[in-house]
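Good morning, and thank you for making time for this item. I would ask everyone to bring the structure up on the screen before I begin.

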Amino acid sequence: MINLVLFGPPGAGKGTQSEKLIKKYGFVHISTGDLFRWHTKNDTPLGKKVKEIMNSGALVPDEITISMLKEELDKNPDANGFLFDGFPRTVGQAEALDKFMAENNTAIHFVIALDVNEKELRERIAKRRTVENRADDEEEKLNKRVTEYFSKTIHVLPFYEKAGRLNTVNGVGNIDDIFNEICAILDKK
Ligand code: AMP
């Protein structure tokens, strides 16, 4: 069983690379952004709670995010490996994830951080906004999302670096080249 965290700022290509990795390795994909969007679209009690927060571009509080994540893990007791996409985004979430993995006698084996500079990110998200029409990608929210990344989420990197689990991959370039680089890391160990 291999568990992987795909890490990176909004617009880094986590969704695109996740799809390819799932196809190749059969991971169970857990994207907290997709889960929150499902809840808001279906107007569930959780969706009602997080809608405004998401639309502002802010992070959903850890307590809510971690309990949704735990529920998702519990739904997949037979998974042969998880790919976490958009989670963890705070050190508290990273600690909770390690705890959940340990409780199931497993661990986060790989953290792949997609490195993309801020200018490229803003261009990508602006493009995605026109294609997917995602409400949280509107111009005024973009700044907040990028700020949340650089003020909170970036601190997750030293957490994994200290534990020797961090692998950084250049996220700018050809999609297949980036994919092959990630596969090389996973296949080496
Ligand atoms: P994403 O598609 O991963 O960029 O997530 C979209 C939005 O969902 C984010 O801007 C946050 O409001 C919320 N969200 C997703 N994942 C998390 C997380 N791990 N922690 C807090 N908020 C999250």
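I shall go through helix packing, salt bridges, aromatic rings and a few backbone features in turn. Please bear in mind throughout that this is a predicted model.

Let me begin with two helices, H2 and H4. Helix H2 covers residues 32–41 and helix H4 covers residues 62–74; their axes come within 11 Å and cross at roughly 95°. An angle between 65 and 115 degrees counts as roughly perpendicular, and H2 and H4 are therefore roughly perpendicular to each other. On the H2 side, the contact is made by Thr32, Leu35, Phe36 and His39. On the H4 side, Ile64, Thr65, Met68, Leu69 and Glu72 take part. By character, the residues of this contact between H2 and H4 divide into five nonpolar, three polar and one charged.

I turn now to charged pairs. As a general remark, side chains of opposite charge can pair when their charged atoms come close. How many salt bridges does a search of the whole structure find? The search returns 11, and I shall pick out several.

One of them stays within helix H2, which brings us back to the helix just discussed. Arg37 lies in H2, and its side chain meets that of Asp34 in a salt bridge, with 2.9 Å from N to O. Arg37 and Asp34 are three residues apart in helix H2, so about one helical turn separates them. Both partners are intermediate in exposure: Arg37 counts as partly exposed at 27% relative accessibility, and Asp34 counts as partly exposed at 41%. For orientation, the C-alpha atoms of Arg37 and Leu121 are separated by 21 Å, with their positions 84 residues apart along the chain.

A second salt bridge joins Asp176 to Lys20, where the closest N and O atoms are 2.8 Å apart. This pair links distant parts of the chain: Asp176 sits in helix H9 (residues 175–188) and Lys20 in helix H1 (residues 14–25), 156 residues apart. Asp176 is partly exposed, at 40% relative accessibility, and Lys20 is also partly exposed, with a relative accessible area of 26%.

A third involves Lys48 and Asp43, whose closest N and O atoms are 3.8 Å apart. The cut-off for a salt bridge here is 4 Å, so the pair at 3.8 Å is counted. Is Lys48 buried or exposed? Lys48 counts as exposed, at 55% relative accessibility, whereas Asp43 counts as partly exposed, at 44%. Finally on this topic, Lys144, Glu148 and Lys152 are linked in a network of salt bridges.

Asp43 also leads us to the backbone. Asp43 is placed in the loop between H2 and helix H3 (45–56), and its phi is near 55°, a positive value in a residue other than glycine. Asn105 shows a positive phi as well, again near 55°. Asn105 is found in the loop between H5 and E4 and counts as exposed, at 75% relative accessibility. Asn104 lies in that loop between H5 and strand E4 (110–115) too, and Asn104 counts as exposed at 52%. The C-alpha atoms of Asn104 and Pro77 are separated by 9.2 Å, the two residues being 27 apart along the chain.

Next, the aromatic rings. A pair of aromatic rings is described by the distance of the centres and the angle of the planes. The count comes to five aromatic pairs. In one of them, the rings of Phe159 and Tyr160 have centres 5.2 Å apart and planes at 80°, so the pair is edge-to-face. Phe159 and Tyr160 are both buried. Elsewhere, ring pairs join Phe7, Tyr149 and Phe150 into a cluster.

My last residue is Pro88, which has contacts with members of both aromatic groups. Where does Pro88 lie? Pro88 is in the loop between strand E3 (82–85) and helix H5 (91–103). The peptide bond joining Phe87 and Pro88 is cis, with omega about 0°. Pro88 counts as buried, at 2% relative accessibility. Leaving aside neighbours within four places in sequence, the contacts of Pro88 include Phe7 and Tyr160, along with Val5, Gln93, Ala94, Leu97, Thr153 and Val156. By contrast, Pro88 and Glu120 are 23 Å apart in space, C-alpha to C-alpha, and 32 residues apart in sequence.

That concludes my presentation, and I thank you for your attention.

Definitions and conventions: Residues numbered from 1 in each chain as written. Predicted model: local features only at pLDDT ≥ 70, side-chain atom pairs only at ≥ 80, totals over all residues. Heavy atoms only, no water. Axes fitted to C-alpha atoms, helices over the stretch in contact; angles between N-to-C directions. Helix = DSSP H or I, 4+ residues; strand = E, 2+ residues; numbered from the N terminus. Parallel < 35°, antiparallel > 145°, perpendicular 65-115°, else oblique. Contact = heavy atoms within 4.5 Å. Nonpolar A, V, L, I, M, F, W, Y, C, P; charged D, E, K, R; others polar. Buried < 20%, exposed > 50% of the residue type's maximum accessible area, 1.4 Å probe, protein only. Phe/Tyr/Trp six-rings, centres within 6.5 Å; stacked < 30°, edge-to-face > 60°.
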